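Colleague: Mind if I quiz you about the words you use for this one? I'd like to hear the reasoning behind each label.

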Amino acid sequence: MDFGKKLQELRKKNNYSQEELAELIGVARQTISKWELGETSPDLKQIAILSKTLNVSLEELIISKK
């Protein structure tokens with residue numbers, strides 16, 4: 001599973017809309033959309049904030065499982 005799909009899955013599991021997640025981590029909703037679509041990627045600081053917000057380890061967030 002690629003990062004975008006993983007992010008979307010975790011966001012939905014935590015019952016966040018793109019807008020809600022964006023507000024929590026301090027980015028625009030469009031940024032979340034672009035990450036989920038694989039158009040752009042978060043930087044390391046944003047990944048750390050995402051893992052904390054979504055209650056998962058960094059490894060679970062960024063390591064792809066086949």
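Modeller: Sure, and keep in mind that this is a predicted model. Let's start with α2, where Gln18, Leu21, Ala22 and Ile25 are buried.

Colleague: What makes you put those buried residues on the same side of α2?

Modeller: The arc around the axis is only 100 degrees for the four of them, so they sit on the same side of α2.

Colleague: And which helices do the buried residues of α2 pack against?

Modeller: They pack against α1, α3 and α4. Just after α2 comes Gly26, with a positive phi of about 80 degrees.

Colleague: Why is Tyr16 called partly exposed?

Modeller: Its relative accessible area is 24%. Buried would need under 20% and exposed over 50%, so Tyr16 lands in between and counts as partly exposed.

Colleague: Where is Tyr16, and what does it touch?

Modeller: Tyr16 is in the loop between α1 and α2. Skipping residues up to four places away in sequence, Tyr16 touches Arg11, Leu21, Leu24, Thr53 and Leu54.

Colleague: Which residues touch the most other members of the largest nonpolar core?

Modeller: Trp35 and Leu50, out of 14 residues in that core. Each of α1, α2, α3 and α4 supplies at least two residues of it.

Colleague: What is Leu50 in contact with, beyond its neighbours within four places in sequence?

Modeller: Phe3, Leu7, Leu21, Ile25, Trp35, Pro42 and Leu61. Two names there should ring a bell: Leu21 and Ile25 are among the buried residues of α2.

Methods: Residues are numbered from 1 along each chain as its sequence is written. This is a predicted model: local features need pLDDT of at least 70, side-chain atom pairs count only at pLDDT 80 or more; totals for chains, interfaces and linings use all residues. Side-chain values use heavy atoms; hydrogens and water are left out. A nonpolar core is a set of buried Ala, Val, Leu, Ile, Met, Phe, Trp, Tyr and Cys residues joined through side-chain atoms within 4.5 Å. Buried means under 20% relative accessible area, exposed over 50%, partly exposed in between (1.4 Å probe, protein chains only). Helices (H or I, at least four residues) and strands (E, at least two) are DSSP runs, numbered from the N terminus. Contact means heavy atoms within 4.5 Å. The arc is that of the directions from the helix axis to the C-beta atoms.
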